[in-house]
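Let's take a walk through this model together, one piece at a time. Have the sequence and the 3D view open as you read.

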Amino acid sequence: MSLRRMQVTDYRCLRSADLELDRRFTLISGPNASGKTSLLEAIYVLGRGRSFRTRQLNHLIRTGAERFVVFGEVELAERIVPLGVEGSNGGVRARAGGAPVGSLAELAVALPAQIIDPEIHRLIEEGPSQRRRFLDWGVFHVEHSFVKSWQAYQQVLRQRNAALRLRQPRAVVSAWDGELLRLAAMIDAARSRYVLDLESAARSIADRLLRMELALTYRSGWSREMSFADALERSWPHDYEVGSTSVGPQRAELTIRLDGLAVKDRISRGQQKLLAASLLIAQIKLFPSNGDVRPTLLLDDPSAELDDDRLARLIEEVSRETVQLIVTSLDPELMAFGVPGRRYRIADGIVTPSDI
Ligand SMILES: Nc1ncnc2c1ncn2[C@@H]1O[C@H](COP(=O)(O)OP(=O)(O)O)[C@@H](O)[C@H]1O
Ligand SMILES: [Mg+2]
């Protein structure tokens with residue numbers, strides 16, 4: 001059901017921490033630069049195998065240490081699943097249920113972690129890859145088989161691109177196309193279905209949080225006027241020239257409109273944050289409710305970003321869902337989310353339980 005325990009060793013400024021987490025709501029408070037975001041980031045890494053702040057693994061390892069280790073126990077209906085992620089010069093190694101994972105998706109199955117942090121507007125402001133990743137996380141949790149199609153697609157694409165780079169004859173490059181088309185169709189269909197559901201969930205949240213009308217469009221990564229097969233055909237001269245496949249699901253985009261206008265550069269930073277929060281909360285609403293896994297929502301210092309009225313509206317959206325909430329705050333008495341089941345103080349990277 002939720003993450004009940006975590007241990008962190010040599011992760012950023014956290015030398016060693018051991019926390020029991022509440023099924024519903026845990027509050028972690030501490031001054032600036034005490035390690036609050038680092039702690040949430042460690043939980044995120046446990047669920048995803050990567051950070052939301054950096055791609056550089058060595059930034060996550062405490063200065064002077066050789067590796068970080070994050071360990072967690074996820075409580076399901078009838079058993080406890082141990083998860084572990086270790087990062088070192090050699091890369092990331094992850095274990096789930098006592099065995100090395102074949103794919104990082106195994107972590108996500110046990111610990112679906114989502115974060116709303118002060119950088120959340122990047123989902124709106126930055127390039128399409130952020131939104132594709134966001135989209136695919138949601139699709140994956142609705143259809144676990146999605147990750148298999150996606151990984152297989154990427155493998156075929158790599159082979160095709162290698163043939164293009166080596167200037168192989170067209171027949172050699174096109175030998176990959178049958179499989180490429182088959183996998184692309186599956187990816188495209190799963191994403192399209194998901195965006196329809198996401199739009200209707202996000203629309204009502206955006207209406208309440210932003211008082212604006214939200215519209216989402218999924219663009220498949222090739223021209224809407226033609227099939228993927230035709231698009232591949234059309235892009236052949238260009239792709240041969242540059243040595244890479246320029247159309248396909250790897251170029252998909254989720255476009256967002258508010259009150260009929262494309263959002264990029266048109267709305268304020270504050271609105272971007274609320275919009276991104278609406279999308280993330282919609283994604284949590286779409287999380288399948290039939291299994292015994294529930295998402296863990298990490299809220300990093302929400303009161304720093306939102307005024308009281310907006311915080312109240314966000315909270316209303318969040319608390320409607322059965323999520324596990326882990327919230328950081330400067331304020332140890334933060335009451336906006338109700339009474340925490342567990343409370344910790346953090347100072348200079350040292351985490352201590354604080355009595356309620
Ligand atoms: N790899 C690292 N090793 C040691 N300290 C680090 C590392 N990365 C970041 N820090 C330090 O961790 C501290 C806490 O950062 P952060 O978790 O962002 O604090 P908070 O969210 O409480 O403001 C910062 O002072 C930062 O310089
Ligand atoms: Mg922080």
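In which strand is Ser88 found? The answer is strand 5, and that is a good place to begin our tour of what is a predicted model. Strand 5 covers residues 80-88 and runs antiparallel to strand 4, with nine bridges joining the two. Together, strand 4 and strand 5 form a hairpin, with four residues between them. If you would like one pair to look for on screen, try Glu75, whose bridge partner in strand 5 is Ile80.

Strand 4, spanning residues 67-75, has another partner as well: strand 1, made up of residues 2-11, pairs with strand 4 in the antiparallel sense over seven bridges. Here you can pick out Met6, which has Gly72 in strand 4 as its bridge partner.

Back to Ser88: is this residue buried or exposed? Its relative accessible area is 16%, and because buried means under 20%, Ser88 counts as buried. Setting aside residues up to four places away in sequence, Ser88 touches Leu57, Ile61, Glu66 and Arg67. Keep Ile61 in mind, as we will meet this residue again at the ligand.

Strand 5 also holds Leu83. With a relative accessible area of 1%, Leu83 is buried too. Which residues is Leu83 in contact with, leaving aside its neighbours within four places in sequence? Val70, Phe71, Gly72 and Val74 are among them, and so is Leu46. The list goes on with Arg95, Ala96, Leu107, Ala110 and Leu111. Gly72 is thus a residue we have seen before, as the bridge partner of Met6. For a sense of scale, Leu83 and Ile281 are 198 residues apart in sequence and 25 Å apart in space, C-alpha to C-alpha.

Now let's turn to ligand 1. It is surrounded by 15 residues, and the closest are Ala33, Lys36, Thr37, Ser38 and Ile61. This shell divides into four nonpolar, seven polar and four charged residues. Which atoms of Ile61 lie 2.9 Å from a nitrogen atom of ligand 1? It is a backbone N or O atom of Ile61 that sits at this distance. A backbone N or O atom of Arg12 likewise lies 3.4 Å from a nitrogen atom of the ligand. Arg53 uses its side chain instead, with an N or O atom there 3.3 Å from an oxygen atom of ligand 1. Taken alone, ligand 1 exposes 580 Å², of which the protein buries 68%.

Methods. Residues numbered from 1 in each chain as written. Chains lettered and ligands numbered in written order. Predicted model: local features only at pLDDT ≥ 70, side-chain atom pairs only at ≥ 80, totals over all residues. Heavy atoms only, no water. Pairing = 2+ DSSP bridges. Near = heavy atom within 4 Å. Polar contact = N/O pair within 3.5 Å; in protein donor to acceptor, adjacent residues only side chain to side chain. Areas by Shrake-Rupley, 256 points an atom, 1.4 Å probe, with all protein chains shown as cover. Nonpolar A, V, L, I, M, F, W, Y, C, P; charged D, E, K, R; others polar. Buried < 20%, exposed > 50% of the residue type's maximum accessible area, 1.4 Å probe, protein only. Contact = heavy atoms within 4.5 Å.
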